[in-house]
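Trainee: Can we go through a few spots in this model together? I would like to start with strands and then look at some backbone angles.
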Amino acid sequence: DQVILSNMQEGHQAALVKKHETLISHIKSVMSQRLYFGTFDSLLVKYGAVLFGYAILSFPTFGRNSASYLKMTADNPAQIIEDYVRHSSLMINLAKGIGRLVVSYRDLNSLMTHTHSLHEFYEVLEDLNKGIYVRQTKPQEPAHRIVPKRGNFERSTDMIKLQKVPVVTPNGERLYQPISFEIHRGEHCYITGVDLFGRKAFTRAFFELWPMYGGTITRPEGSDILYIPEKTIFPEGTLRDILIKPGDTSITHVQLQKWFKAFGIESMLSHLNAYKDWNVAASASKRQKLALVRLLSHKPIFALLDNSMSYLSSGVVAKVYQLCKEREITLMTMAGEDDDVREYHSHLLRLTGKGGEWRFSPIEHDDEQTAEVTQGA
(Lines give C-alpha, C1' and ligand atoms only; values in the text may rest on other atoms or scores of the structure.)
Protein backbone atom coordinates (compact mmCIF):
# COMPACT_ATOMS: atom_id res chain seq x y z
CA ASP A 1 0.00 0.00 0.00
CA GLN A 2 2.74 2.46 0.94
CA VAL A 3 4.69 1.99 -2.30
CA ILE A 4 1.58 2.50 -4.45
CA LEU A 5 0.12 5.43 -2.52
CA SER A 6 3.45 7.24 -2.09
CA ASN A 7 4.05 7.33 -5.87
CA MET A 8 7.52 5.81 -5.43
CA GLN A 9 7.11 2.90 -7.83
CA GLU A 10 10.10 3.96 -9.97
CA GLY A 11 12.44 4.21 -7.01
CA HIS A 12 11.34 0.86 -5.63
CA GLN A 13 11.65 -0.86 -9.01
CA ALA A 14 15.44 -1.15 -8.69
CA ALA A 15 15.11 -2.57 -5.18
CA LEU A 16 12.47 -5.03 -6.33
CA VAL A 17 14.63 -6.14 -9.27
CA LYS A 18 17.55 -6.71 -6.89
CA LYS A 19 15.38 -8.74 -4.51
CA HIS A 20 13.97 -10.63 -7.47
CA GLU A 21 17.46 -11.56 -8.63
CA THR A 22 18.27 -12.78 -5.11
CA LEU A 23 15.09 -14.84 -5.12
CA ILE A 24 15.94 -16.35 -8.52
CA SER A 25 19.41 -17.28 -7.26
CA HIS A 26 17.88 -18.93 -4.20
CA ILE A 27 15.36 -20.85 -6.32
CA LYS A 28 18.14 -22.10 -8.60
CA SER A 29 20.10 -23.28 -5.56
CA VAL A 30 17.04 -25.07 -4.17
CA MET A 31 16.28 -26.70 -7.53
CA SER A 32 19.91 -27.88 -7.83
CA GLN A 33 19.76 -29.44 -4.38
CA ARG A 34 16.40 -31.00 -5.16
CA LEU A 35 17.89 -32.53 -8.31
CA TYR A 36 20.65 -34.27 -6.37
CA PHE A 37 18.33 -35.29 -3.57
CA GLY A 38 15.69 -36.53 -6.01
CA THR A 39 18.25 -38.58 -7.91
CA PHE A 40 19.49 -40.18 -4.69
CA ASP A 41 15.93 -40.75 -3.51
CA SER A 42 14.91 -42.41 -6.79
CA LEU A 43 17.98 -44.66 -6.79
CA LEU A 44 17.33 -45.59 -3.18
CA VAL A 45 13.66 -46.43 -3.80
CA LYS A 46 14.30 -48.28 -7.04
CA TYR A 47 17.49 -50.21 -6.23
CA GLY A 48 17.83 -49.99 -2.47
CA ALA A 49 15.10 -52.52 -1.76
CA VAL A 50 16.52 -54.91 -4.38
CA LEU A 51 19.98 -54.77 -2.86
CA PHE A 52 18.50 -55.26 0.58
CA GLY A 53 16.58 -58.31 -0.69
CA TYR A 54 19.70 -59.85 -2.20
CA ALA A 55 21.53 -59.31 1.08
CA ILE A 56 18.79 -61.12 3.03
CA LEU A 57 18.79 -64.05 0.59
CA SER A 58 22.52 -64.49 1.09
CA PHE A 59 22.15 -65.16 4.82
CA PRO A 60 21.17 -68.86 4.55
CA THR A 61 24.27 -69.61 2.49
CA PHE A 62 26.83 -67.23 3.90
CA GLY A 63 25.33 -66.31 7.28
CA ARG A 64 26.04 -67.54 10.79
CA ASN A 65 23.65 -70.54 10.49
CA SER A 66 24.71 -71.54 6.98
CA ALA A 67 25.90 -74.99 8.16
CA SER A 68 22.38 -76.15 9.07
CA TYR A 69 21.00 -75.00 5.71
CA LEU A 70 23.76 -76.72 3.74
CA LYS A 71 23.18 -79.93 5.74
CA MET A 72 19.45 -79.77 4.95
CA THR A 73 20.14 -79.46 1.22
CA ALA A 74 22.89 -82.06 1.39
CA ASP A 75 25.21 -79.41 0.03
CA ASN A 76 23.53 -79.82 -3.37
CA PRO A 77 24.40 -76.84 -5.61
CA ALA A 78 21.33 -77.37 -7.78
CA GLN A 79 18.99 -77.25 -4.75
CA ILE A 80 20.72 -74.13 -3.39
CA ILE A 81 20.44 -72.33 -6.74
CA GLU A 82 16.79 -73.36 -7.08
CA ASP A 83 15.92 -71.98 -3.62
CA TYR A 84 17.89 -68.81 -4.33
CA VAL A 85 16.22 -68.13 -7.67
CA ARG A 86 12.70 -68.86 -6.37
CA HIS A 87 12.98 -66.71 -3.26
CA SER A 88 14.93 -63.93 -4.93
CA SER A 89 12.30 -63.62 -7.65
CA LEU A 90 9.55 -63.26 -5.07
CA MET A 91 11.57 -60.86 -2.89
CA ILE A 92 12.74 -58.65 -5.77
CA ASN A 93 9.27 -58.35 -7.31
CA LEU A 94 7.85 -57.44 -3.90
CA ALA A 95 10.57 -54.79 -3.41
CA LYS A 96 9.94 -53.31 -6.86
CA GLY A 97 6.22 -53.16 -6.18
CA ILE A 98 6.72 -51.38 -2.87
CA GLY A 99 9.13 -48.91 -4.50
CA ARG A 100 6.65 -48.18 -7.29
CA LEU A 101 3.88 -47.55 -4.75
CA VAL A 102 6.08 -45.11 -2.85
CA VAL A 103 6.99 -43.18 -6.00
CA SER A 104 3.38 -43.18 -7.26
CA TYR A 105 2.03 -41.85 -3.95
CA ARG A 106 4.56 -39.00 -3.98
CA ASP A 107 3.71 -38.06 -7.55
CA LEU A 108 -0.03 -38.27 -6.86
CA ASN A 109 0.30 -36.04 -3.80
CA SER A 110 2.19 -33.43 -5.80
CA LEU A 111 -0.42 -33.56 -8.56
CA MET A 112 -3.25 -33.04 -6.04
CA THR A 113 -1.50 -29.96 -4.58
CA HIS A 114 -1.07 -28.31 -7.99
CA THR A 115 -4.61 -29.18 -9.03
CA HIS A 116 -6.08 -27.61 -5.89
CA SER A 117 -4.05 -24.41 -6.41
CA LEU A 118 -5.18 -24.13 -10.04
CA HIS A 119 -8.79 -24.71 -9.01
CA GLU A 120 -8.65 -21.83 -6.47
CA PHE A 121 -6.90 -19.60 -9.01
CA TYR A 122 -9.61 -20.13 -11.65
CA GLU A 123 -12.33 -19.53 -9.04
CA VAL A 124 -10.80 -16.17 -8.14
CA LEU A 125 -10.54 -15.17 -11.82
CA GLU A 126 -14.20 -16.08 -12.39
CA ASP A 127 -15.24 -13.99 -9.35
CA LEU A 128 -13.23 -11.00 -10.57
CA ASN A 129 -14.84 -11.21 -14.02
CA LYS A 130 -18.26 -11.18 -12.34
CA GLY A 131 -17.34 -8.17 -10.18
CA ILE A 132 -17.32 -10.21 -6.98
CA TYR A 133 -14.71 -9.11 -4.44
CA VAL A 134 -15.12 -11.54 -1.58
CA ARG A 135 -12.44 -13.38 0.30
CA GLN A 136 -13.77 -16.74 1.40
CA THR A 137 -13.02 -16.82 5.12
CA LYS A 138 -15.91 -19.06 6.13
CA PRO A 139 -17.55 -21.74 3.96
CA GLN A 140 -20.99 -20.87 5.36
CA GLU A 141 -20.72 -17.16 4.55
CA PRO A 142 -24.08 -15.98 3.13
CA ALA A 143 -24.13 -15.08 -0.55
CA HIS A 144 -26.24 -11.95 -0.05
CA ARG A 145 -23.19 -10.09 1.31
CA ILE A 146 -21.54 -10.15 -2.13
CA VAL A 147 -22.08 -6.71 -3.64
CA PRO A 148 -20.96 -5.75 -7.16
CA LYS A 149 -18.69 -2.76 -7.66
CA ARG A 150 -20.72 0.29 -8.63
CA GLY A 151 -18.97 3.44 -7.39
CA ASN A 152 -17.59 6.30 -9.47
CA PHE A 153 -14.37 8.32 -9.41
CA GLU A 154 -14.06 11.83 -10.81
CA ARG A 155 -10.92 13.92 -11.25
CA SER A 156 -10.55 17.41 -9.82
CA THR A 157 -7.57 19.55 -8.90
CA ASP A 158 -9.48 22.05 -6.74
CA MET A 159 -11.33 19.93 -4.20
CA ILE A 160 -11.89 16.59 -2.53
CA LYS A 161 -15.50 15.53 -2.35
CA LEU A 162 -17.17 12.35 -1.18
CA GLN A 163 -20.83 11.76 -1.98
CA LYS A 164 -22.47 8.90 -0.08
CA VAL A 165 -19.38 6.67 -0.18
CA PRO A 166 -19.65 3.60 2.08
CA VAL A 167 -16.46 2.12 3.53
CA VAL A 168 -16.78 -1.59 2.76
CA THR A 169 -14.06 -4.24 2.93
CA PRO A 170 -13.38 -6.48 -0.09
CA ASN A 171 -15.08 -9.20 1.95
CA GLY A 172 -18.34 -7.27 1.84
CA GLU A 173 -18.34 -6.06 5.47
CA ARG A 174 -19.61 -2.50 5.94
CA LEU A 175 -17.43 -0.50 8.34
CA TYR A 176 -18.99 2.96 8.02
CA GLN A 177 -22.24 4.38 6.77
CA PRO A 178 -22.03 6.35 3.48
CA ILE A 179 -19.69 9.31 4.01
CA SER A 180 -20.27 12.74 2.46
CA PHE A 181 -18.05 15.78 2.84
CA GLU A 182 -16.28 18.39 0.73
CA ILE A 183 -13.06 20.37 1.18
CA HIS A 184 -11.38 22.81 -1.20
CA ARG A 185 -7.80 23.93 -1.72
CA GLY A 186 -6.46 25.65 1.37
CA GLU A 187 -8.94 23.93 3.72
CA HIS A 188 -6.96 21.50 5.85
CA CYS A 189 -8.97 18.54 7.15
CA TYR A 190 -8.22 16.63 10.35
CA ILE A 191 -9.37 12.98 10.27
CA THR A 192 -9.50 11.20 13.59
CA GLY A 193 -11.19 8.31 15.33
CA VAL A 194 -10.65 5.69 18.01
CA ASP A 195 -10.49 2.84 15.49
CA LEU A 196 -7.09 2.63 13.75
CA PHE A 197 -8.33 -0.06 11.37
CA GLY A 198 -11.24 2.19 10.39
CA ARG A 199 -8.87 5.00 9.42
CA LYS A 200 -6.74 2.58 7.39
CA ALA A 201 -9.87 1.25 5.70
CA PHE A 202 -10.94 4.80 4.80
CA THR A 203 -7.52 5.39 3.20
CA ARG A 204 -7.73 2.21 1.10
CA ALA A 205 -11.23 3.05 -0.09
CA PHE A 206 -10.24 6.66 -0.82
CA PHE A 207 -7.29 5.64 -3.02
CA GLU A 208 -9.17 2.82 -4.85
CA LEU A 209 -7.15 0.01 -3.25
CA TRP A 210 -10.48 -1.47 -2.17
CA PRO A 211 -13.45 -1.84 -4.52
CA MET A 212 -15.96 0.97 -4.32
CA TYR A 213 -19.51 -0.13 -3.54
CA GLY A 214 -21.36 3.13 -4.08
CA GLY A 215 -21.27 6.90 -4.24
CA THR A 216 -18.78 9.19 -5.95
CA ILE A 217 -15.28 10.27 -4.96
CA THR A 218 -13.94 13.45 -6.53
CA ARG A 219 -10.23 14.03 -5.96
CA PRO A 220 -6.92 14.75 -7.70
CA GLU A 221 -4.94 11.92 -9.26
CA GLY A 222 -1.31 11.05 -9.91
CA SER A 223 1.27 13.57 -8.72
CA ASP A 224 -1.45 16.04 -7.63
CA ILE A 225 -2.06 14.05 -4.45
CA LEU A 226 0.53 12.38 -2.22
CA TYR A 227 0.23 9.89 0.62
CA ILE A 228 2.70 10.00 3.53
CA PRO A 229 2.51 6.93 5.85
CA GLU A 230 3.74 6.71 9.42
CA LYS A 231 6.71 4.56 8.39
CA THR A 232 7.84 5.47 4.90
CA ILE A 233 9.71 2.78 2.96
CA PHE A 234 12.52 4.37 0.98
CA PRO A 235 14.27 2.65 -1.94
CA GLU A 236 18.03 2.30 -1.89
CA GLY A 237 19.71 5.30 -3.46
CA THR A 238 20.89 8.85 -2.79
CA LEU A 239 18.81 11.31 -0.81
CA ARG A 240 18.76 13.66 -3.79
CA ASP A 241 17.15 11.00 -5.99
CA ILE A 242 14.67 10.02 -3.27
CA LEU A 243 13.56 13.51 -2.27
CA ILE A 244 13.43 15.30 -5.63
CA LYS A 245 11.39 14.35 -8.68
CA PRO A 246 13.44 13.01 -11.58
CA GLY A 247 14.29 15.88 -13.91
CA ASP A 248 13.03 18.59 -11.53
CA THR A 249 15.55 21.44 -11.55
CA SER A 250 13.41 23.95 -9.63
CA ILE A 251 14.50 22.65 -6.21
CA THR A 252 17.69 24.44 -5.20
CA HIS A 253 20.22 23.53 -2.56
CA VAL A 254 19.16 26.63 -0.61
CA GLN A 255 15.58 25.34 -0.38
CA LEU A 256 16.73 21.92 0.76
CA GLN A 257 18.97 23.56 3.34
CA LYS A 258 16.00 25.59 4.63
CA TRP A 259 13.79 22.54 4.99
CA PHE A 260 16.49 20.36 6.53
CA LYS A 261 17.30 23.07 9.05
CA ALA A 262 13.63 23.59 9.92
CA PHE A 263 13.26 19.88 10.72
CA GLY A 264 16.56 19.66 12.59
CA ILE A 265 18.36 17.33 10.19
CA GLU A 266 20.77 19.78 8.57
CA SER A 267 23.62 17.35 9.33
CA MET A 268 22.20 15.03 6.65
CA LEU A 269 22.81 17.62 3.92
CA SER A 270 26.35 16.31 3.53
CA HIS A 271 24.89 12.90 2.62
CA LEU A 272 22.68 14.08 -0.25
CA ASN A 273 24.73 12.15 -2.80
CA ALA A 274 25.49 9.15 -0.58
CA TYR A 275 24.04 5.87 -1.85
CA LYS A 276 22.54 4.01 1.13
CA ASP A 277 19.63 1.97 2.34
CA TRP A 278 17.97 4.77 4.29
CA ASN A 279 15.49 2.41 5.94
CA VAL A 280 18.51 1.16 7.95
CA ALA A 281 20.79 4.21 7.94
CA ALA A 282 18.16 6.66 9.28
CA SER A 283 16.14 6.47 12.47
CA ALA A 284 12.34 6.44 12.50
CA SER A 285 12.08 10.17 13.31
CA LYS A 286 14.59 11.09 10.59
CA ARG A 287 12.70 8.99 8.03
CA GLN A 288 9.52 10.89 8.89
CA LYS A 289 11.32 14.19 8.43
CA LEU A 290 12.80 13.03 5.11
CA ALA A 291 9.31 12.03 3.95
CA LEU A 292 8.05 15.52 4.79
CA VAL A 293 10.96 17.09 2.91
CA ARG A 294 9.97 14.94 -0.05
CA LEU A 295 6.40 16.24 0.33
CA LEU A 296 7.61 19.86 0.16
CA SER A 297 9.84 19.05 -2.81
CA HIS A 298 7.12 17.35 -4.85
CA LYS A 299 4.57 20.06 -3.99
CA PRO A 300 1.30 18.18 -4.64
CA ILE A 301 -2.03 19.99 -4.49
CA PHE A 302 -3.34 17.71 -1.72
CA ALA A 303 -1.53 15.39 0.69
CA LEU A 304 -2.81 12.76 3.11
CA LEU A 305 -0.64 12.45 6.22
CA ASP A 306 -1.36 9.10 7.84
CA ASN A 307 -0.03 9.61 11.38
CA SER A 308 3.21 10.64 9.68
CA MET A 309 4.39 13.02 12.45
CA SER A 310 4.10 10.67 15.42
CA TYR A 311 7.84 10.89 16.21
CA LEU A 312 8.12 14.67 15.82
CA SER A 313 8.02 17.36 18.48
CA SER A 314 5.30 20.00 18.55
CA GLY A 315 7.75 22.64 17.35
CA VAL A 316 8.68 20.63 14.25
CA VAL A 317 4.99 19.87 13.59
CA ALA A 318 4.21 23.60 13.59
CA LYS A 319 6.98 24.20 11.04
CA VAL A 320 5.59 21.42 8.83
CA TYR A 321 2.20 23.12 8.55
CA GLN A 322 3.80 26.53 8.06
CA LEU A 323 6.01 25.27 5.22
CA CYS A 324 3.10 23.39 3.60
CA LYS A 325 1.07 26.60 3.70
CA GLU A 326 3.94 28.46 1.99
CA ARG A 327 4.07 25.72 -0.69
CA GLU A 328 0.25 25.86 -1.07
CA ILE A 329 -0.21 22.19 -0.13
CA THR A 330 -3.61 21.29 1.32
CA LEU A 331 -3.32 18.64 4.02
CA MET A 332 -5.59 15.89 5.24
CA THR A 333 -4.10 14.66 8.50
CA MET A 334 -5.05 11.29 9.97
CA ALA A 335 -4.12 10.90 13.63
CA GLY A 336 -5.50 10.20 17.08
CA GLU A 337 -7.08 12.75 19.37
CA ASP A 338 -4.51 15.56 19.42
CA ASP A 339 -5.62 19.17 19.88
CA ASP A 340 -2.11 20.45 19.06
CA VAL A 341 -2.51 19.07 15.54
CA ARG A 342 -6.19 19.95 15.17
CA GLU A 343 -5.53 23.67 15.57
CA TYR A 344 -3.85 23.76 12.14
CA HIS A 345 -6.97 22.52 10.34
CA SER A 346 -10.24 24.08 9.28
CA HIS A 347 -12.42 20.94 9.18
CA LEU A 348 -12.80 17.80 11.27
CA LEU A 349 -13.86 14.33 10.12
CA ARG A 350 -14.40 12.06 13.09
CA LEU A 351 -14.80 8.31 12.49
CA THR A 352 -16.45 7.27 15.73
CA GLY A 353 -16.46 3.51 15.09
CA LYS A 354 -19.84 3.15 16.82
CA GLY A 355 -22.28 1.51 14.46
CA GLY A 356 -20.48 2.94 11.46
CA GLU A 357 -21.16 6.55 12.50
CA TRP A 358 -19.06 9.53 11.48
CA ARG A 359 -19.07 13.32 11.97
CA PHE A 360 -17.89 16.12 9.68
CA SER A 361 -17.74 19.68 10.99
CA PRO A 362 -15.85 22.96 10.63
CA ILE A 363 -13.38 23.78 13.40
CA GLU A 364 -14.00 27.06 15.18
CA HIS A 365 -10.62 28.17 16.51
CA ASP A 366 -11.92 31.19 18.43
CA ASP A 367 -13.70 29.21 21.12
CA GLU A 368 -12.28 25.80 20.17
CA GLN A 369 -15.81 24.51 19.65
CA THR A 370 -17.13 22.67 16.60
CA ALA A 371 -20.57 22.84 15.07
CA GLU A 372 -21.75 19.59 13.51
CA VAL A 373 -23.03 19.97 9.98
CA THR A 374 -23.09 16.37 8.75
CA GLN A 375 -23.69 13.10 10.51
CA GLY A 376 -23.84 9.48 9.37
CA ALA A 377 -25.97 7.14 11.43
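Mentor: What follows is a short talk about a predicted model.

Trainee: Where does Thr 330 sit?
Mentor: Thr 330 is in strand β8, which covers residues 330–334.

Trainee: Buried or exposed?
Mentor: Thr 330 has a relative accessible area of 2%. Buried means under 20%, so Thr 330 is buried.

Trainee: Which residues does Thr 330 touch?
Mentor: Leaving out residues up to four places away in sequence, its contacts include His 184, Glu 187, His 188 and Phe 302.

Trainee: What about strand β4, how many of its residues are buried?
Mentor: In β4, residues 189–193, 5 of 5 are buried. Cys 189, Ile 191 and Gly 193 point one way, while Tyr 190 and Thr 192 point the other way.

Trainee: Why do they alternate like that?
Mentor: In a regular strand, side chains alternate between the two faces of the sheet.

Trainee: Which strands does β4 pair with?
Mentor: β4 runs parallel to β8, joined by 3 bridges, and Ile 191 stands opposite Met 334 there. β4 also pairs with β9, residues 347–351, in the parallel sense over 5 bridges. Thr 192 has Arg 350 as its bridge partner in β9.

Trainee: New topic. Which sign does phi have at Lys 164?
Mentor: Positive, about 50 degrees, although Lys 164 is not a glycine. Most residues other than glycine have a negative phi. Lys 164 is in strand β2 and is exposed, at 63% relative accessibility.

Trainee: And Glu 328, what is its phi?
Mentor: About 60 degrees, positive, and Glu 328 is not a glycine either. Glu 328 lies in the loop between α11 and β8 and is exposed, with a relative accessible area of 54%.

Notes
Residues are numbered from 1 along each chain as its sequence is written. This is a predicted model: local features need pLDDT of at least 70, side-chain atom pairs count only at pLDDT 80 or more; totals for chains, interfaces and linings use all residues. Side-chain values use heavy atoms; hydrogens and water are left out. Helices (H or I, at least four residues) and strands (E, at least two) are DSSP runs, numbered from the N terminus. Buried means under 20% relative accessible area, exposed over 50%, partly exposed in between (1.4 Å probe, protein chains only). Contact means heavy atoms within 4.5 Å. Two strands pair if DSSP finds at least two bridges between them.
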